[in-house]
Amino acid sequence: MELRTAVSPRDVKHYTTERLREEFLIQDLFVHGEIKLVYSHIDRIITGAAVPVQPIALTAGEELRAEYFCQRRELGVINIGGAGTITVDGQARKVGFKEAMYIGMGSREIVFASEDAGKPAKFYLNSAPAHRTCPTVLIKPEGEPEEGVVIVKDENKVELGCLEDANHRVICKYILPGQVESCQLEMGMTKLEPGSVWNTMPCHTHDRRMEVYLYFEMPEDAFVMHYMGEPRETRHIVMRNEEAVISPSWSIHSGCGSRAYTFIWGMVGENQDFDDMDGIAMKDLM
């Protein structure tokens, strides 16, 4: 598990491109046969990925000083690869492409597996500290609800923007109050429609929550210019397919791609009010 410390906006404005990438960019997440984790001191979020060729168990590691990974944590998982299985304390759930799981605090044994080692699952992980146990559930964008399975509600599939503004997109909210109960973690996925390249513009900050983005569904020669920093001290990070970026609560977080893409967002912090944000007028960006 890689450790990264928190940073001050007063320092970030002096960072070189290399230093900016070292602090905030997460590369090489999806490694076949491995679990890779990055622990950020910013709200103690852990970002990671599991790509099982053979079944792989998620362990706490020395960094958490815990008996098991979810002893004091909750975990959100979204699969962006081949069909797979997540087994939590002996109960296995099949998790397909763009399906998700919320795994509550107290879950002792978590094992990731792929149905086809030649086309392995790519489990993307966000984890936050938790103070109570919430039910572990499988989350599907479509289908019929059943015991232990939550279907994303129609009101949590939000279409925003327009092609004229190059930001026509659909937000699918997976983990949030009123749908999947959690302590503080929220997760979802935003897909840009063909011809649109901007996400979250006009942009915003939310001082009460930090956020991590994972950009994917981009060809090898495509990229996203991810914008961050204080509204009047903006910086950018060039990002490629299946790379993640840490966004402190004081920072804007917006991207413009060389073509349409999809991204997963995960938030942790003070509250779970999705609309608690401070909008930044376009004219105030610098």
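**Exercise 1. State how many cavities of 30 Å³ or more are counted in this predicted model, and describe the lining of the largest cavity.**

Solution. The count comes to one cavity of 30 Å³ or more, in a structure that is a predicted model. As a next step, take the volume: the largest cavity holds about 30 Å³ of space. Its lining consists of Pro 9, Val 12, Lys 13, Gly 229, Glu 230, Glu 233, Arg 235 and Trp 250. Turning from residues to elements, α1 (9-12), β20 (224-230) and β21 (233-239) are those that give two or more residues to this lining. Sorted by class, the lining of the largest cavity has four charged residues, three nonpolar and one polar.

**Exercise 2. Describe the largest pocket by its volume, its lining and the strands that contribute to that lining.**

Solution. Begin with the volume, which for the largest pocket is about 300 Å³. The lining of this pocket is made up of 21 residues, and those that lie nearest its centre are Ile 171, Thr 200, His 204, Phe 274 and Met 277. At least two lining residues come from each of the strands β14 (157-160), β15 (169-175), β19 (209-216) and β24 (262-269). Finally, divide the lining of the largest pocket by class, which gives eleven nonpolar, five polar and five charged residues.

**Exercise 3. Work out the strand order of the seven-stranded open sheet, find its edge strands, and then look at how β16 is joined to β24.**

Solution. Reading across the open sheet, the seven strands follow the order β2-β22-β19-β24-β16-β15-β14, with antiparallel pairing. The edge strands are β2 and β14, each of which pairs on one side only. Within the sheet, strand β16 (residues 186-192) runs antiparallel to β24 and is joined to it by six bridges. For a single residue, consider Thr 190, whose bridge partner in β24 is Phe 263.

**Exercise 4. Locate Gly 33, decide whether it is buried, partly exposed or exposed, and list its contacts away from its sequence neighbours.**

Solution. Gly 33 is placed in the loop that lies between β2 (25-26) and β3 (35-40). Its relative accessibility is 39%, and because partly exposed covers the range between under 20% and over 50%, Gly 33 counts as partly exposed. Leaving out residues up to four places away in sequence, Gly 33 touches Val 51, Val 53 and Ile 56. As a last step, compare positions along the chain and in space: Gly 33 and Gln 71 are 38 residues apart along the chain, and their C-alpha atoms are separated by 24 Å.

Definitions and conventions. Residues are numbered from 1 along each chain as its sequence is written. This is a predicted model: local features need pLDDT of at least 70, side-chain atom pairs count only at pLDDT 80 or more; totals for chains, interfaces and linings use all residues. Side-chain values use heavy atoms; hydrogens and water are left out. Helices (H or I, at least four residues) and strands (E, at least two) are DSSP runs, numbered from the N terminus. Buried means under 20% relative accessible area, exposed over 50%, partly exposed in between (1.4 Å probe, protein chains only). Contact means heavy atoms within 4.5 Å. On a 1 Å grid over the protein atoms alone, a cavity is a set of points where a 1.4 Å probe fits but cannot get out, and a pocket is an open set with protein on both sides within 12 Å along at least five of seven lines; lining residues have an atom within 4 Å of a point. Grid points are joined across faces, edges and corners, and a volume is the space filled by probe spheres set on the points. Ala, Val, Leu, Ile, Met, Phe, Trp, Tyr, Cys and Pro count as nonpolar, Asp, Glu, Lys and Arg as charged, and the others, Gly among them, as polar. Two strands pair if DSSP finds at least two bridges between them.
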